Amino acid sequence: MAAKIAYADVEIGAELPACTFPVDRERLVRYAGASGDFNPIHWNERFAKEVGLPDVIAHGMFTMAEAIRVVTDWTGDPAAVVEYGVRFTRPVVVPDDDKGAAIEVTGKVAAKLDDEARTVRVDLTVMSAGQKVLGMSRAVVKLA
């Protein structure tokens with residue numbers, strides 16, 4: 001598999017298609033099983049509140065993984081992401097209701113880094129409930 005986006009066709013400032021990812025308690029439990037992270041702040045409301053959180057919160061790595069999907073969907077190749085980093089700024093609070101929460105992600109090409117290597121930097125804005133939940137969310141991506 002290779003990136004479907006050509007380096008030559010990408011301009012600085014180009015916006016990636018935005019996406020909203022739903023998060024509910026069931027997804028958190030499934031993620032806990034897959035990751036092995038069974039910290040009760042991610043599934044037990046009583047425990048989360050006892051430790052000072054407003055409610056159950058999504059795993060940081062889950063949030064990070066959902067956010068990078070905007071980039072992997074854009075390139076068509078998860079292996080095109082050669083670097084990815086974020087700062088966790090606020091938790092994604094996931095209420096126990098029919099709606100859950102949503103992670104809203106937008107991205108844009110912030111820089112063309114290396115013509116020979118065909119790499120760009122993509123900056124992501126990651127929000128939930130109107131608040132930024134990941135800061136400095138950046139990926140270096142190798143394009144076709």
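In this predicted model, strands S1 (residues 15–23) and S3 (residues 101–114) run antiparallel and are held together by seven bridges. One contact to look for is proline 22, whose bridge partner in S3 is alanine 102. S3 also pairs with strand S4 (residues 119–128), again antiparallel, through nine bridges. Here glycine 107 sits opposite leucine 124 of S4. S3 and S4 make up a hairpin with four residues between them, and arginine 118 in that turn has a positive phi of about 60 degrees.

Stepping back to the whole chain, there are three helices and five strands, laid out along the sequence as β-α-α-α-β-β-β-β. The C-alpha atoms fill a box of roughly 55 × 30 × 25 Å along the principal axes, and 40% of the 144 residues count as buried. An unreviewed UniProt entry places a feature called "domain: MaoC-like" at residues 20–119. Over that stretch the chain is 33% helix and 27% strand, with 26 Å between the end C-alpha atoms.

Helix H1 has two faces worth telling apart. Its buried residues are Arg25, Leu28 and Ala32. These cover an arc of only 55 degrees around the axis, so they sit on the same side of H1. Arg30 and Ala34, on the other side of H1, are exposed. Val29 takes part in a nonpolar surface patch of about 320 Å² together with Phe38 and Trp43. Of these, tryptophan 43 belongs to the loop between helix H1 (25–35) and helix H2 (45–50), and it counts as partly exposed because its relative accessibility is 42%.

Next come the charged pairs. The whole structure holds nine salt bridges. One of them links arginine 27 to aspartate 24, with the closest N and O atoms 3.9 Å apart, just inside the 4 Å cut-off. Both partners are partly exposed: arginine 27 has a relative accessible area of 37%, and aspartate 24 has one of 26%. Arginine 25 forms a salt bridge with aspartate 55, and there the closest N and O atoms are 2.7 Å apart. Because arginine 25 lies in helix H1 and aspartate 55 in the loop between H2 and H3, this pair ties together parts that are 30 residues apart in sequence. Charged or not, the two residues are both tucked away: arginine 25 counts as buried at 14% relative accessibility, and aspartate 55 counts as buried at 9%.

A salt bridge also turns up within helix H3, where glutamate 66 and arginine 69 bring their closest N and O atoms to 3.0 Å. The two are three residues apart in H3, which means that about one helical turn separates them. Glutamate 66 is buried, with a relative accessible area of 10%, whereas arginine 69 is partly exposed at 35%. Elsewhere, salt bridges with shared partners join Arg25, Glu45, Lys49 and Asp55 into one network.

Some residues that are far apart in sequence come together in space. Threonine 75, in helix H3 (residues 60–75), is 59 residues from leucine 16 in sequence, yet their C-alpha atoms are 9.7 Å apart. Threonine 75 counts as buried, as its relative accessibility is 0%. Towards the chain ends, alanine 2 and alanine 144 are separated by 142 residues in sequence but by 7.0 Å from C-alpha to C-alpha. Alanine 2 lies in the segment before S1 and counts as exposed, with 52% relative accessibility.

Finally, a couple of backbone oddities are worth a look. Alanine 129 has a positive phi near 55 degrees despite not being glycine. This alanine is in the loop between S4 and strand S5 (131–142), and at 76% relative accessibility alanine 129 counts as exposed. Methionine 136, also not a glycine, has a positive phi of about 50 degrees. Methionine 136 lies within strand S5 and is partly exposed, with a relative accessible area of 43%.

Notes:
Residues numbered from 1 in each chain as written. Predicted model: local features only at pLDDT ≥ 70, side-chain atom pairs only at ≥ 80, totals over all residues. Heavy atoms only, no water. Patch = residues over 30% accessible without salt bridge, like charges linked within 9 Å, V, L, I, M, F, W, Y side chains within 5 Å. Areas by Shrake-Rupley, 256 points an atom, 1.4 Å probe, with all protein chains shown as cover. Salt bridge = Lys/Arg side-chain N within 4 Å of Asp/Glu carboxyl O. Buried < 20%, exposed > 50% of the residue type's maximum accessible area, 1.4 Å probe, protein only. UniProt positions renumbered as here; feature names shortened; annotations may be inferred. Pairing = 2+ DSSP bridges. Arc of directions from axis to C-beta.
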